[in-house]
Every structure is written in structure tokens, then in C-alpha cells.
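Thanks for coming. I'll go through the charged pairs, then one helix, then the nonpolar packing.

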Amino acid sequence: MSDGVLDEAYQRLHRTGPEYQGWLSNHGPMAVEALVRHGHPHRVHRWLDDYLGRLDELPRGLHPIDDWRSALGDPKRAGDWLAYFDRQLREHPWRAVLGTWWPRLLPGIAAGATHGVIRVGHAVRALDPDDENRQRLAELGQALGYWAARWQPIPGTDRLLTAETEGPGSDDSDVAAALDGLPRIDDQTGGVRDRLDQLPGVPRWEPALATLRPVRTPAGAERGLTTLVHRAGLDYLRFGHAAPVMLVHAVTAPTAVLRTLPALDRGLWAPSFAAAWAATAAMTSVYAPADGIAPPTVTPATPAEVFARAARHGDEHVVKLADAILDAYATSADERLLTAPGYAGQLI
């Protein structure tokens with residue numbers, strides 16, 4: 001029954017575009033997948049009834065994608081990208097399409113304030129390895145198309161993706177220290193694109209990005225991503241008050257990458273960690289204050305209660321943060337994490 005609800009929700013959502021009101025991301029597919037995943041399918045259609053009214057229609061294409069490099073990062077070609085991936089996923093197995101395009105899209109992980117990769121992560125989680133479910137394949141296609149249309153690099157990421165490492169590579173303590181050592185942009189106002197544009201002018205930005213040594217193995221990449229999500233979740237408790245919505249993505253972007261790893265060739269895991277680190281670092285540097293506050297006091301709850309409260313709250317960012325936090329809690333058993341979704345619910 002839950003699977004049917006998700007497919008029905010996707011069908012409703014696939015008549016809408018990946019953005020609305022200019023360039024705000026359509027969170028519908030991500031939120032409904034999380035609601036179903038955590039046992040709340042009964043909330044999905046009522047939630048959509050409220051949410052769909054704000055969305056725009058599916059964008060029309062201009063002309064088919066031929067030279068993909070020149071079309072990458074061109075939001076005017078969004079309709080063309082959606083049509084391109086729909087065709088690719090009708091003609092090829094979804095894991096083959098993902099394997100081809102993941103390394104092409106990964107350098108532009110900032111796409112749509114990281115919503116491109118986040119939507120892909122939710123779409124991949126909903127698919128079985130040999131899935132031929134048309135609604136779920138269509139969702140993966142729309143997610144990849146959105147990422148391609150909004151493709152945006154983070155300054156310094158190209159060096160991370162091509163870096164070679166000597167020695168053991170990063171460990172858990174490196175992740176925490178690297179997050180603590182991130183600089184901040186001077187002017188934390190304006191939209192995410194304006195803020196990211198300031199990073200090249202921050203003298204300590206690229207050295208700070210490079211303090212986290214590249215990982216050497218797939219196991220190291222998985223461990224590094226797990227630690228990154230954990231630490232970013234704890235940092236939300238210190239910094240979330242400054243940008244309650246945008247700092248959610250410092251947690252959900254690396255979570256999406258971590259979820260996608262099993263569907264990728266293991267040779268892609270290390271650069272995936274590097275890109276996820278850059279995404280979390282960038283969101284922290286452009287939105288978090290230099291000094292955090294003491295973590296808030298939130299009523300303790302079980303994991304199931306944490307998500308149930310987020311589902312009742314209904315904000316898409318609260319739902320997605322709860323979804324990511326429960327993943328992190330499952331691997332760390334760190335009960336401090338369970339306060340983050342409730343805190344986000346208070347702030348948003």
C-alpha cells in the first residue's frame with residue numbers, strides 16, 4: 001500500500017517543474033519519499049494537496065540536448081534536460097545512466113543549493129537494483145535533469161576531486177577539525193549563489209577545504225561520509241538559529257551522497273566523499289556564524305517519535321532533516337542528534 005501511495009504521489013508531482021517562483025526547489029518528491037519511508041503514507045496526499053498549489057508547470061524544452069557540456073548548468077534548458085533523462089532511462093538500465101552521469105554532475109554539487117544531489121539521493125533510495133517502475137524511473141530522470149540544469153561548482157572542488165593522497169587519508173577526527181576550521185564569508189546576506197560567489201575571495205577558503213585529506217579507499221569514503229553527516233547534524237544544533245532552512249542542507253546533501261554509494265561503482269566513492277565535504281563546508285561557510293551557541297533543550301524522543309513530530313509539523317525541510325538525522329542516529333547511536341529535527345521545527 002505504501003509503495004502505491006509513493007507512485008501516486010510521484011505521478012501527481014511529475015506534472016510540475018523542478019522549481020517554482022523563480023528558482024525555489026520543488027521539495028515535493030523528496031518529502032513524500034521520506035514520509036512513506038518512515039511509515040506515514042496516510043499524510044502524503046493531504047500534504048500534497050497543500051503543496052502542489054505553489055508549484056509551476058513542467059517546463060517546456062527548447063531543443064534536444066546534443067552537446068551536453070555546453071548545456072550543463074543552463075537553467076533555460078531545464079525542459080530539455082528532463083526530456084533527455086526521461087529518454088535515457090527508457091533506453092538504458094537506471095544504474096548505467098546513473099553511473100555515466102554521476103561523475104559528470106558531481107563537480108556541480110552546489111546545483112539548486114544542493115537540491116539536485118539531494119533529490120537524486122531520494123530517488124535512488126526508492127529504486128530497486130533492477131527496477132522498471134516507470135514513476136520511480138521518471139523521478140530519477142527529473143532529479144538528474146534538475147541537477148544538470150542547475151549544475152554549479154563550489155570553488156576549489158575541482159582540486160579535491162582530482163587530488164592524490166599520501167599516507168592513511170582522512171579519519172573521523174579530521175572531519176570534526178576540518179569543520180571547526182572553516183572560515184566564514186564577510187557578508188552573509190543575499191541568496192546562496194551570491195554567497196558562494198564570495199568564496200574565492202576568502203583567503204583561507206581553499207586551504208581550509210584542503211585540510212581534510214582525500215580518502216584512499218571506498219571503505220574510507222563511506223566512513224568519512226557517515227562521520228560528516230553525524231558532525232553536520234551536531235553543528236545544526238550550534239548554528240541552525242542563523243539560517244534554519246539553509247543549514248539543513250549541510251546535513252541532507254552528504255546524506256544523499258551516502259545513500260547513493262551502493263548504486264555506484266566503488267571507484268566513484270572517494271570523489272563522492274570529496275564533493276560532499278565541499279558541499280557541507282560551503283553551506284557552513286556561507287550561512288553559519290563564526291561562533292555557535294549552546295545546543296538547545298528539546299524534549300527527548302524515540303526515533304519514531306522524532307519523525308512523527310516532523311511529519312505533523314509538515315515543513316518539507318523539517319521532514320527531510322528528520323529523515324537524514326535518523327540515518328545518522330542509526331549508525332552512531334548519538335542521542336544528541338535526535339534533538340535536531342525538533343529544534344528545526346521550532347525555528348522554521
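First, a definition: buried means under 20% relative accessible area, exposed means over 50%, and partly exposed is in between, with a 1.4 Å probe and protein chains only. On provenance, this is a predicted model, where local features need pLDDT of at least 70, side-chain atom pairs count only at pLDDT 80 or more, and totals for chains, interfaces and linings use all residues. Residues are numbered from 1 along each chain as its sequence is written, and side-chain values use heavy atoms, with hydrogens and water left out.

Start with the salt bridges. I count one when a side-chain nitrogen of Lys or Arg is within 4 Å of a carboxyl oxygen of Asp or Glu. The search over the whole structure gives 18 of them. In general, side chains of opposite charge can pair when their charged atoms come close.

I picked three. The pair Arg-77 and Asp-80 has its closest N and O atoms 2.5 Å apart. Asp-80 is buried at 5% relative accessible area, and Arg-77 is buried too, at 8%.

The second is Arg-90 with Asp-86, where the closest N and O atoms are 2.9 Å apart. Both sit in helix H5, residues 78–91, and they are 4 residues apart, about one turn. Helices here are DSSP runs of H or I with at least four residues, strands are E runs of at least two, and both are numbered from the N terminus. As background, an α-helix has 3.6 residues a turn, so residues three or four places apart point the same way. Arg-90 is exposed at 56%, whereas Asp-86 is partly exposed at 28%.

The third is Asp-323 with Arg-259, at 2.7 Å from N to O. Asp-323 is in H17 (residues 316–332) and Arg-259 is in H14 (residues 249–260), so this bridge ties together parts that are 64 residues apart in sequence. Asp-323 is buried at 0%, and Arg-259 is buried at 14%. Both belong to a network of salt bridges that links Glu-33, Arg-37, Arg-125, Arg-259, Asp-323 and Asp-327.

Now H17 itself. How far apart are its end C-alpha atoms? They are 24 Å apart, which agrees with the 24 Å expected for 17 residues at 1.5 Å a residue; the expected span is 1.5 Å times one less than the number of residues. Of those 17 residues, 12 are buried, so H17 is largely enclosed by the rest of the structure. Among the buried ones are His-317, Leu-321, Asp-323 and Ala-328. At the N-terminal end, Asp-315 acts as the cap, with a side-chain oxygen 2.8 Å from the backbone nitrogen of His-317. Just after the helix, Ala-333 takes a positive phi of about 60°.

Last, the nonpolar core: a set of buried Ala, Val, Leu, Ile, Met, Phe, Trp, Tyr and Cys residues joined through side-chain atoms within 4.5 Å. The largest one has 123 residues, and Trp-81, Trp-102 and Trp-277 touch the most other members. Helix H15, residues 269–287, gives the most to this core, with 13 residues. Leaving out residues up to four places away in sequence, Trp-277 has contacts (heavy atoms within 4.5 Å) that include Leu-160, Ala-178, Leu-212 and Leu-228.

One loop residue to finish: Thr-217 lies between helix H12 (205–209) and helix H13 (218–239), and is partly exposed at 37%.

How values were computed: A polar contact is a pair of N or O atoms within 3.5 Å; within protein, one must be able to donate a hydrogen and the other to accept it, and residues adjacent in sequence count only if both atoms are side-chain atoms.
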